[in-house]
Amino acid sequence: MSAIMPAVENAPVSASADNGKAEQVMQNAAAPASVATKPKVKGGKLSLRPFFLAVVPPVLGLIFLVLVWEIIAVKNSGIPSPSLTLKSAIELFSDPFYSNGPNDQGIGWNILASLKRVGVGFGLAALVGIPLGFMIGRFSFLSGMFNPIISLLKPVSPLAWLPIGLLVFKAADPAAIWSIFICSIWPMIINTAVGVQRVPQDYMNVAKVLNLSEWKIITKILFPSVLPYMLTGVRLAIGTAWLVIVAAEMLTGGVGIGFWVWDEWNNLNVAHIIIAIVVIGIVGLVLEQVLVAIAKFFSYEDVKN
């Protein structure tokens, strides 16, 4: 009994000692995180180096672009200077949604018309391309059947399909949407199919053991694994679609940013053409960043303790 009692009495002491060590370890582990969140202090002052590295290079790049533009404008009288273009942009965006008839509308209406065509064509491509990509990646027979077709048609320029759209639909607007559809569908099909094919075989073996239905395999196993690949295809497709719509609208006419650029060229208004180029770039950048943010939101990352 005397040999047992000291051991029992010492048990709480060792437990408290372990708790103390655990608390010390937790404090030490938390210390680097708290230090990392604080701004860097150098010589008793906050370090502004990260701020300058994030802000100064882009500003210098824009200044360099404006200087090159100014030099070109001085050498070529047909190119408006940055200051003249800025003045025209202020006048243009002071009333972007005016309407003086079907061929004279503000730049806001033209941007919205182009976005509408891109949205319809892109949406139809997603409805067809993503399920088709799942089937091609899931079944080897369908993969062998569609791969030659995709390899043959994917390199064709989207604008080459525009006359086919005009012939079939007999109208410019659906023909432009058809061009968006045909250029957007290939990245979605290919990336989705690759994602399905790269799902670990162990997952599929477990599905067979559990005797899961095809619907549950798609929704519970394939879709979560394929989602990053699918979103990459969507991101590539939206960039291509925005590029193609501008060229398609130049050929088909009507309301749209591409037609607006062509109309301003016929009016020899180069300042408005430069403004349209900047607007097209900004809209494309916004679309790209929105899809990048969505892709990051749904991507899987390692959990850091």
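This report walks through the salt bridges, one bent helix and a nonpolar surface patch in a predicted model.

## Salt bridges

Let's start with charge. Side chains of opposite charge can pair when their charged atoms come close. In this structure there are four salt bridges.

One of them joins the side chains of Arg117 and Glu249, with N and O 2.6 Å apart. Follow the chain and you'll see that these partners are 132 residues apart: Arg117 sits in helix H4 (residues 107-138), while Glu249 belongs to helix H9 (residues 214-252). Are these two buried or exposed? Both Arg117 and Glu249 are buried. They also have company, since Arg117, Asp173 and Glu249 are linked in a network of salt bridges.

## Another link from H4 to H9

Now look at Arg138, which forms a salt bridge with Glu214; their closest N and O atoms are 2.8 Å apart. This pair also links distant parts of the chain, with Arg138 in helix H4 and Glu214 in helix H9, 76 residues apart.

How accessible are these two? Arg138 has a relative accessibility of 26%, so it counts as partly exposed. Glu214 is partly exposed too, because its relative accessible area is 32%, and the partly exposed range runs from 20% to 50%.

## Tying H11 to H9

Helix H9 turns up again in the salt bridge between Glu288 and Arg235, where the N to O distance is 3.0 Å. Glu288 lies in helix H11 (residues 270-298) and Arg235 in helix H9, so this pair ties together parts that are 53 residues apart in sequence.

Why does Glu288 count as partly exposed? Because its relative accessibility is 25%. Arg235 gets the partly exposed label as well, because its value is 26%.

## A bend in H5

Next, find helix H5, which covers residues 140-153. Where does H5 bend? The bend is at Phe146 and comes to about 35°, with a proline, Pro148, following within four residues.

You can also check the length of H5 yourself. At 1.5 Å a residue, its 14 residues should span 20 Å, counting one step fewer than the number of residues. The C-alpha atoms at the two ends are 20 Å apart, so the expected span and the model agree.

## A nonpolar patch

Finally, take a look at the surface. Leu48, Phe51, Phe52, Val55, Val56, Val59, Leu60, Ile63 and Leu67 make a nonpolar patch of about 790 Å².

Pick out Val56, a patch member found in helix H2 (residues 49-75). Val56 has a relative accessible area of 30%, so it is partly exposed.

Methods
Residues numbered from 1 in each chain as written. Predicted model: local features only at pLDDT ≥ 70, side-chain atom pairs only at ≥ 80, totals over all residues. Heavy atoms only, no water. Patch = residues over 30% accessible without salt bridge, like charges linked within 9 Å, V, L, I, M, F, W, Y side chains within 5 Å. Areas by Shrake-Rupley, 256 points an atom, 1.4 Å probe, with all protein chains shown as cover. Buried < 20%, exposed > 50% of the residue type's maximum accessible area, 1.4 Å probe, protein only. Bend = angle between axes of the 7 residues up to and from the residue.
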